[in-house]
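Notebook open, coffee poured. I wanted to look up what surrounds the ligand and what holds the metal.

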Amino acid sequence: MQVLTLFAALIIAFLSSRAGAVDLENGEEINEVCAACHGEYGQGGKNGEYPRIAGQPAGYTYKQLKRFQDRSRPNMPMVEHVDKRELPDSDIEDISVYLSKIVLPTKLPPVDETAPDFDAYQRLLQTKRLMQIARAEGDIEKGKVLYKKECRSCHGKEGVGKPKDNVPMLAGQYTNYLWRQVDKYLDGTLIHDEDEPDSELLAEFSREDIRDIFAYLSIADD
Ligand code: HEC
Ligand code: HEC
């Protein structure tokens, strides 16, 4: 009886793995390629030359990878890695969901290092995932008011993003990288809001306003 149940369970597991379910192990494997630039945990690097890709909505990451693939979003360093032969759609789905599930804490829980059950190795692993955006210059209070009025409806409370609408997080992302994207929206290289492609919503703001918003976002994850 038990053997039969096990057998049935194996068949179900096999069938569901064939039915286009997301394969997180495959995602983890693909991430080894991405890690060369974006870091082992998708935390990005070189102060935003490589953006953070961990914890973004899966649908958002999926969309960006498709854009890199069809070249509607230019990205020279990544071109060979997103080639269709390298990365078919099912792989894009696996890596996007895998990355969306990575949580990068902004602070460590307090511990007593003298406690008998203190595990120094676990603590080291936790430290490696820690991600804190450096405080960016600007007026935090002004930025907070602007953010709430102008950005929050789409980018979510405190800049955490809106997964169901595929809107990316802004808090927890490198300020340098955010500026690069802003400049691309302003010069028309990229489209910010697909529903309103002809009116760039950031064009209404001075650079000082945006600087203040980024100052607020840089501390919003503290
Ligand atoms: C050779 C370095 C390199 C490798 C390898 C690489 N990337 Fe990138 N990636 C970049 C750079 C540089 C950017 C920033 C491009 C820009 O400024 O628009 C980027 C941007 C991105 C973005 C856009 C982030 C955002 O917020 O819009 C995503 C998503 C991404 N990479 C995912 C991946 C995945 C998944 C892999 C592995 C399959 C990968 N990258 C491999 C260099 C790399
Ligand atoms: C109407 C909805 C909407 C509003 C309002 C909005 N955004 Fe966005 N924003 C988006 C969407 C959607 C994206 C992702 C675009 C894409 O798919 O490439 C985005 C992307 C961005 C990015 C690039 C992030 C990345 O990881 O590449 C920045 C920076 C940004 N927004 C800043 C702002 C700021 C600052 C405000 C407020 C002044 C704002 N946005 C208001 C919808 C909005």
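I started with the shell around ligand 1: helix 2, helix 3, helix 4 and helix 8 (175–186) each give at least two residues to it. Worth jotting down that this is a predicted model.

Next I looked at who comes nearest. Of the 26 residues around ligand 1, those are Cys34, Cys37, His38, Tyr60 and Met78. I also sorted the shell by character and got 15 nonpolar, 7 polar and 4 charged residues.

Then the domains. Both domain 1 (20–105 + 118–131) and domain 2 (140–220) contribute to the shell, so ligand 1 lies between them.

On to the metal. Which protein atoms are donors to the iron atom of ligand 1? I found His38 (NE2) and Met78 (SD), lying 2.0 Å from the iron. Histidine 38 is in helix 2 (residues 24–38), while methionine 78 is in the loop between helix 3 (58–69) and helix 4 (89–100), so the pair ties together parts 40 residues apart in sequence.

I checked the geometry too. The iron has 6 donor atoms around it, and because their angles run from 87 to 179 degrees, the arrangement is octahedral. For reference, six octahedral donors would ideally sit at 90 or 180 degrees.

Are the two protein donors buried or exposed? Histidine 38 has 9% relative accessibility, so I put it down as buried. Methionine 78, at 16%, counts as buried as well.

Last, I looked up polar contacts to oxygen atoms of ligand 1. Tyrosine 60 has a polar side-chain atom 2.6 Å from one. For tyrosine 177 I noted 3.0 Å, and for a side-chain N or O atom of lysine 184, 2.9 Å.

Note on methods. Residues are numbered from 1 along each chain as its sequence is written. Chains are lettered from A and ligands numbered from 1 in the order in which they are written. This is a predicted model: local features need pLDDT of at least 70, side-chain atom pairs count only at pLDDT 80 or more; totals for chains, interfaces and linings use all residues. Side-chain values use heavy atoms; hydrogens and water are left out. Donors are N, O and S atoms within 2.8 Å of the metal (3.2 Å for Na, K and Ca); water is not among the atoms, so sites may look incomplete. Four donors count as tetrahedral if all angles lie between 85 and 135 degrees; four count as square planar and six as octahedral if opposite donors are over 155 degrees apart and all others between 65 and 115; anything else is irregular. Helices (H or I, at least four residues) and strands (E, at least two) are DSSP runs, numbered from the N terminus. Buried means under 20% relative accessible area, exposed over 50%, partly exposed in between (1.4 Å probe, protein chains only). A residue is near a molecule or strand if one of its heavy atoms lies within 4 Å of it. A polar contact is a pair of N or O atoms within 3.5 Å; within protein, one must be able to donate a hydrogen and the other to accept it, and residues adjacent in sequence count only if both atoms are side-chain atoms. Ala, Val, Leu, Ile, Met, Phe, Trp, Tyr, Cys and Pro count as nonpolar, Asp, Glu, Lys and Arg as charged, and the others, Gly among them, as polar. Domain bounds come from an automatic or database domain assignment.
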